[in-house]
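Hi,

Here is the structure I promised to pass on. Have a look at it first, and then read my notes below.

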Amino acid sequence: MQLDAKIPGGPISEKWDRHRFELKLVNPANKRKFEIIVIGTGLAGGAASASLAELGYHVKTFCIQDSPRRAHSIAAQGGINAAKNYQNDGDSIWRLFYDTVKGGDFRAREANVYRLAQLSTHIIDHCVAQGIPFARDYGGLLANRSFGGAQVSRTFYARGQTGQQLLLGAYGALMRQVAAGMVELFPRREMMDLVVVNEQARGIIVRNLVSGELESHAADAVVLASGGYGNVYYLSTNAESSNVGGCFRAYKRGAALANPCFTQIHPTCIPHTGEHQSKLTLMSESLRNDGRVWVPRTAGDMRSPQDIPESERSYFLEEKYPSFGNLVPRDVASRNAKAQCDAGRGVGLTRCAVYLDFTDAIKRDGMDVISRKYGNLFDMYEQISDESPYETPMMIYPASHYTMGGIWVDYNLMSTVPGLFALGEANFSDHGANRLGASALMQGLADGYFVIPYTIGGYLAGTSLEPINHDQAEFRSAAKAVEERIRKLMSIQGKRTVDNMARHLGQIMWAHCGMSRNADGLKKAQSQIQELKGEFWQNLLVPGSDKDYNKSLEKATRLADSLDFAEVMLMDALTREESCGGHFREEYQTEEGEANRDDVNFCHASVWEYDGEANPPKFHKEPLEFENVELSQRSYK
Ligand SMILES: Cc1cc2nc3c(=O)[nH]c(=O)nc-3n(C[C@H](O)[C@H](O)[C@H](O)COP(=O)(O)OP(=O)(O)OC[C@H]3O[C@@H](n4cnc5c(N)ncnc54)[C@H](O)[C@@H]3O)c2cc1C
């Protein structure tokens with residue numbers, strides 16, 4: 001496999017403009033001759049479908065949910081970054097670029113990150129034009145707040161519902177094109193396979209989740225915007241239907257996976273309370289603008305927070321990282337919270353929590369101000385925990401939240417299968433080994449609104465595409481393979497439910513490939529997953545029929561992929577013998593317990609190519625070059 005990132009030449013600030021000029025164009029009258037499949041209606045897929053249809057392409061859009069509006073993006077809370085510098089506090093495209101490269105622990109591609117920072121400013125203009133009700137300051141200008149890993153305020157927000165508002169904007173743009181007949185919408189369809197013809201992505205097989213029927217759809221290009229794989233840990237902040245299936249099916253058809261072990265554990269989630277839970281709830285990072293993180297100084301202190309005097313509290317982030325304080329990036333905040341709990345200073349019933357305290361902020365700014373900023377998050381917390389954060393500190397603990405790994409893409413967002421593009425959280429993205437807060441919405445929308453409309457045109461204009469028919473041999477054989485897989489799952493009729501096995505997988509991954517990893521644990525997880533896989537294929541229980549709405553079957557097809565994917569994650573984590581960002585290998589840490597990168601041996605993206613069921617995947621490297629930001633030890637002190 002040849003990995004060519006296709007990074008344009010020239011100075012970094014001119015690469016994208018130059019590339020856009022050099023890309024071939026599709027004549028407006030010819031665009032209507034092309035059909036494009038988009039999988040996913042989150043911010044990346046919704047934005048892509050709307051923009052491509054607006055340009056004149058015929059688009060077929062697929063999603064799992066009953067409505068495009070229910071994509072997981074709707075849950076995003078805190079905000080979206082953009083280098084507008086409305087605050088006049090020193091922000092710039094360069095600073096956003098720099099913060100993102102550094103925040104990702106120097107494991108992202110410089111050219112992509114710079115383009116992302118450039119496009120961030122257009123996103124805000126675009127969304128304001130759509131009518132997104134971003135928060136405004138006293139004078140009527142758009143307001144900003146800070147997020148982790150930055151010392152400027154560049155996060156645009158709509159209370160704690162930014163994703164919801166942005167997705168409604170993308171949904172509006174999408175439905176306009178549905179009404180215009182340019183987008184054909186297929187809700188409740190799950191992509192079960194990618195169809196490759198003459199080494200080009202030419203279609204998909206989907207399962208109608210209501211009737212159970214398999215359908216074949218052909219196109220000239222396929223855009224995969226199916227989101228992240230955080231649910232491999234079972235308990236996560238992701239929507240239940242977030243899954244790795246789309247990406248994993250593409251991987252098995254030749255699309256390489258990059259950095260699958262780079263996962264993000266978010267520091268501020270409502271702690272888990274017991275076996276009954278299937279989800280964890282995020283408390284937005286924006287809360288760390290005003291909330292102070294602390295634990296009792298003495299291990300095992302069981303007093304209620306109000307009874308612990310200031311002198312007996314450890315504001316551990318403020319103490320250890322005076323420059324960034326509570327706004328250190330997520331990987332750093334998560335690891336430190338874990339360390340406090342591991343040392344016995346955790347709070348709450350399980351002792352696996354730290355406080356996030358708003359007492360000082362309420363005293364300083366008043367209840368009204370805090371309520372205007374975070375009211376809906378406080379209400380959500382109270383509904384779940386039965387405690388009011390206005391009166392008593394929140395309890396928080398890290399949880400699986402975002403995945404930086406995904407489908408390897410070049411500068412055009414094209415995978416190693418020509419004609420297959422991957423956008424948003426589904427690609428291995430611009431965030432390196434750790435994503436900074438409020439950067440996922442930025443990337444998904446940049447990919448969908450501003451990158452793919454250009455790069456897909458370059459592909460279509462420069463490629464010869466044979467006429468295609470969704471009934472030809474490649475489609476029939478892919479559909480047959482899907483049918484066979486479903487038949488196999490239905491016929492096991494064992495004793496363990498899918499949820500039970502998914503929880504088991506999650507426990508293995510959380511224990512050994514979570515906030516910190518080591519070689520022994522990773523190897524142990526490999527053998528535990530082998531065992532679980534064996535049991536899955538012999539003792540799984542899928543009740544009901546495959547010709548009907550069957551939630552267990554849906555989950556089973558996804559879990560089958562997650563089990564295989566988890567093995568690639570573990571292999572990736574084992575191979576990367578360094579610590580960087582969210583990938584913390586205990587063997588590689590500095591004396592102060594920070595991530596110890598190895599730029600001599602690991603300054604690359606790790607890329608995995610499927611090599612058949614009988615073989616381990618083939619390993620490739622995309623070397624990363626840093627010409628504009630100097631490689632240095634990340635410090636937030
Ligand atoms: C609780 C929470 C809060 C967050 N808050 C923020 C924030 O404030 N700021 C920020 O920048 N980021 C935030 N994030 C991250 C951000 O929301 C996501 O990374 C982003 O929304 C992902 O968008 P997406 O379009 O790539 O995928 P998604 O929104 O996950 O959409 C995936 C789409 O693909 C479809 N799909 C999946 N698999 C298939 C398949 N096999 N076949 C057919 N369709 C399929 C789904 O139906 C869905 O439509 C948050 C994440 C969480 C969990």
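**What I found**

Two bridges tie strand β12 (residues 292–296) to β13, and these strands run antiparallel. One of the pairs puts proline 296 opposite arginine 313 in β13. Before you go further, keep in mind that this is a predicted model.

Those strands belong to an open sheet of five, ordered β11-β15-β14-β12-β13 and paired antiparallel. The edges are β11 (263–269) and β13 (313–314); each has a single partner strand, so one side of each is left without a neighbour in the sheet. Helix α9 (residues 330–342) lies across β11, β12, β14 (354–357) and β15, and runs at about 65° to β11.

There is also an open sheet of three strands, in the order β6-β7-β8, again with antiparallel pairing. Here β6 and β8 (214–218) are the edge strands, with a single partner each, so one side of each is left without a neighbour in the sheet. On average, neighbouring strands in this sheet are turned by 25° against each other, direction ignored. If you want to trace the pairing, β6 and strand β7 (residues 200–208) run antiparallel and are joined by eight bridges. Leucine 194, for instance, has isoleucine 204 in β7 as its bridge partner. Helix α13 (residues 473–492) lies across β6, β7 and β8, at about 140° to β6.

Now to the ligand. Which residues come nearest to it? Of the 48 residues around the ligand, they are Gly40, Gly42, Ser73, Gly227 and Gly424. Sorted by class, the shell has 18 nonpolar, 27 polar and three charged residues. Several elements supply at least two residues each to that shell: α3 (43–55), α6 (162–179), β6 (189–197), α7 (245–252), β15 (394–403) and α12 (440–461). So β6 and β15, from the two sheets above, turn up here again.

Two of those helices, α3 and α6, also pack against each other. Their axes come within 8 Å and cross at roughly 35°, and the crossing is left-handed. On the α3 side, the residues in contact are Leu43, Gly46, Ala47, Ser49, Ala50, Ala53 and Glu54; they meet Leu166, Leu167, Ala170, Tyr171, Ala173, Leu174 and Gln177 in α6. That contact is made of 10 nonpolar, three polar and one charged residues.

For the overall layout, the domain assignment of the protein chain gives domain 1 (15–265 + 402–461), domain 2 (266–399) and domain 3 (473–619). The centres of domain 1 and domain 2, taken over C-alpha atoms, are 31 Å apart. Their contact takes 22 residues from domain 1 and 26 residues from domain 2. On the side of domain 1 that touches domain 2, five residues are nonpolar, 14 polar and three charged.

Last, a few strands that are easy to look up. Strand β10 (residues 257–258) pairs in the antiparallel sense with strand β18 (residues 604–609) over two bridges, and leucine 257 has tryptophan 608 in β18 as its bridge partner. β18 pairs with strand β19 (residues 618–623) as well, in the antiparallel sense and over six bridges. Within that pair, serine 606 stands opposite lysine 621 in β19.

Cheers

Technical notes
Residues numbered from 1 in each chain as written. Predicted model: local features only at pLDDT ≥ 70, side-chain atom pairs only at ≥ 80, totals over all residues. Near = placed C-beta within 6 Å. Helix = DSSP H or I, 4+ residues; strand = E, 2+ residues; numbered from the N terminus. Nonpolar A, V, L, I, M, F, W, Y, C, P; charged D, E, K, R; others polar. Axes fitted to C-alpha atoms, helices over the stretch in contact; angles between N-to-C directions. Left-handed = near helix turned anticlockwise from the far one by under 90°. Contact = placed C-beta atoms within 7 Å. Pairing = 2+ DSSP bridges. Domains from an automatic or database assignment.
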